[in-house]
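Student: Could you show me how to read strand pairing and cysteines in a model like this one?

Tutor: Gladly, let's look together.

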Amino acid sequence: MSEAILISHLCKSFCIEGRSIPVLRDLDLTLDARGFTVLVGRSGCGKTTLLRLLSGLLQPDSGQILLPADLRMGIMFQEARLMPWLTAERNVTLGIRRPTPEKARQMLQLVGLSGFERAYPAQLSGGMQQRAALARTLMRDAQLILMDEPFAALDSFTRETMQKELLRIRREKDCGVILVTHNIDEALILGDRIVLLSDGRAARSYELPAQTGCRDILTEPFLSIKKSVMEALKSL
Ligand SMILES: Nc1ncnc2c1ncn2[C@@H]1O[C@H](COP(=O)(O)OP(=O)(O)O)[C@@H](O)[C@H]1O
Ligand SMILES: [Mg+2]
């Protein structure tokens, strides 16, 4: 089975006050559905739009996205988007036809929320709510998780913990990730590849060395890649 996501000639515009504003303009990009791709780019460059197109929440104006057959995808946003009146466990199983509480508990355990099955979202911290959102995505056996700035609203310490947890969970579940972030350090810590979007296209792509344990991004080649990404973000 092919693991490639083939995006070709993808165009998407939005109509604002009667004017058509192009966001993605003839975007060509091949992504590895099993890999960890990080999308970066200036605010408003179309990162969220691309994730929504990939997930099928939006339809392109033209061009196409070819996904591996039967790929199960899940999507996570900056906010956890939990139902406030449901417990963590019920949030995780929401919308599943025959939910198994046992599996829900397993997923909550995997994200480090054992003991909080019956807690309501308001009783959970921001980081814990994002963990529950991740458990909800994993509950659906997603093979590819699309993440739109999932840790942006968290404090830096919680963010660092969540990054480590995400890498651990990814190893355990063997799933692919496409993650959007504004934080270049986060991109360097997590990704196999960084793709920089600019002007509606994939302007640059950077391969990162294979993940072996915890990366020290204050060493080469990460420092050089960071410099290139920062310069490209400024100049493009
Ligand atoms: N549903 C929508 N209707 C109108 N304009 C939109 C809509 N979604 C996004 N846009 C516009 O498209 C551009 C790209 O948005 P987005 O993909 O959210 O950017 P990013 O995630 O890179 O910050 C922005 O100018 C935004 O205002
Ligand atoms: Mg966005």
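Student: How many bridges join strand S1 to S4?

Tutor: Strands of a sheet pair through backbone hydrogen bonds, either parallel or antiparallel. In this predicted model, S1 (residues 4–16) and S4 run antiparallel and are joined by four bridges. For a landmark, find Ser-8, which stands opposite Gln-64 in S4.

Student: What is the order of the strands in the sheet?

Tutor: The order is S2-S1-S4, an open sheet of three strands with antiparallel pairing. Strand S2 (19–32) and strand S4 (62–66) each have a single partner strand, so they stand at the edges and one side of each lacks a neighbour in the sheet. On average, neighbouring strands are turned by 25° against each other, direction ignored.

Student: Which strands does helix H1 touch?

Tutor: Helix H1 (residues 47–55) packs on the sheet and touches S1, S2 and S4. The direction of H1 makes about 120° with that of S1.

Student: Now the cysteines. How many disulfides does a search of the whole structure find?

Tutor: Zero. A disulfide needs two cysteine sulfur atoms within 2.5 Å. For Cys-15, the closest cysteine sulfur is in Cys-11, 16 Å away, so the pair is too far apart for a bond. Cys-45 is in no disulfide either, as its nearest cysteine sulfur, that of Cys-11, is 15 Å away.

Student: Is Cys-15 buried or exposed, and what about Cys-45?

Tutor: Buried means under 20% relative accessible area, and exposed means over 50%. Cys-15 has 62% relative accessibility, so it counts as exposed. Cys-45 has a relative accessible area of 12%, so it is buried.

Conventions:
Residues numbered from 1 in each chain as written. Chains lettered and ligands numbered in written order. Predicted model: local features only at pLDDT ≥ 70, side-chain atom pairs only at ≥ 80, totals over all residues. Heavy atoms only, no water. Buried < 20%, exposed > 50% of the residue type's maximum accessible area, 1.4 Å probe, protein only. Pairing = 2+ DSSP bridges. Helix = DSSP H or I, 4+ residues; strand = E, 2+ residues; numbered from the N terminus. Axes fitted to C-alpha atoms, helices over the stretch in contact; angles between N-to-C directions. Contact = heavy atoms within 4.5 Å.
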